[in-house]
Amino acid sequence: MKLAILSDIHANLEALTEVLAQASRLGVDGYLVAGDIVGYGADPVACVEMVQDLNAAVVAGNHDWAAVGKLSVDTFNAAAAEAVRWTSWRLEASHKAYLEGLPLSHRTDDLLMVHATPTDPASWDYLVSVSDLREAARHVGGRLCVVGHSHVPFVYRVTDNEECVWQQPGDYPLEPEATYLVNVGSVGQPRDGDPRACFAVLDTDTQVLTLVRVPYPVEQAQEKILKAGLPRFLARRLAWGS
Ligand code: ZN
């Protein structure tokens, strides 16, 4: 079975559409979504409804809960807080009920998915250093944990005596004796200097995880953000991928 793992869609319909098309071309037969469906972009309603149609396992992101008033925007920067308020106006009661009901974590025999960190998902902390990754990997309780939140993709692999971090797109065979912590990057607002949409595919038969990049019409997403009256910075950063 091939699972596409998406995170940080951030109401970018153009990016989500291209990612789903690419996932379908790759023969994906199931989906996981690691949170932040909304916030920043101009299409929160369409993106929530597309995710609902995927029949995916979905966890909550901080922007999802902020948009429904379940989380304060006190720690958000000004542009993010403005986007949260704008998003909240656009969402209907049914979308809000859906986002409010999302869990903080999703666990199967093989995989743990959280938005921010497995150590304490509700803290919304960022994994920034290798020591953060080492500490977080201790809380995985299995072989593979997938996260989003920082919008920077990486594959962290740790065994009893070594650890490595990779950031390039491509195939990563999952070895049985190692623990993996994987950030699947951001569909709708990449921040690693590459403006292309990012997601991961996990082949559960071959045990290979692939980081995938997909170009999408950035200008269309930017125009919608500007037309909506959202902060201009949110449009500009899509072209930079940062
Ligand atoms: Zn995010």
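**Notebook: cysteines, zinc site, cores**

I searched the whole structure for disulfides (cysteine sulfur pairs within 2.5 Å) and found zero. The model is predicted: local features need pLDDT of at least 70, side-chain atom pairs count only at pLDDT 80 or more, and totals for chains, interfaces and linings use all residues. Residues are numbered from 1 along each chain as its sequence is written, and side-chain values use heavy atoms, with hydrogens and water left out.

I checked Cys47 next: its nearest cysteine sulfur, in Cys198, is 17 Å away. Cys145 is not bonded to Cys198 because the two sulfurs are 16 Å apart, too far for a bond. Cys47 and Cys145 are each buried at 0% relative accessible area (buried is under 20%, exposed over 50%, partly exposed in between, with a 1.4 Å probe and protein chains only).

I then looked up the zinc ion. Asp8 (OD), His10 (NE2), Asp36 (OD) and His151 (NE2) coordinate the ion at 2.0 to 2.3 Å; donors are N, O and S atoms within 2.8 Å of the metal, or 3.2 Å for Na, K and Ca. I noted their spacing as D-x1-H-x25-D-x114-H. His10 lies in the loop between strand 1 (2-6) and helix 1 (13-25), and Asp36, 26 residues apart from His10, in the loop between strand 2 (30-33) and helix 2 (44-53); helices are DSSP runs of H or I, at least four residues, and strands runs of E, at least two. Both residues are buried.

Last, I listed the largest nonpolar core (buried nonpolar residues joined through side-chain atoms within 4.5 Å). This core has 52 residues, with Leu99 among those with the most contacts inside it.
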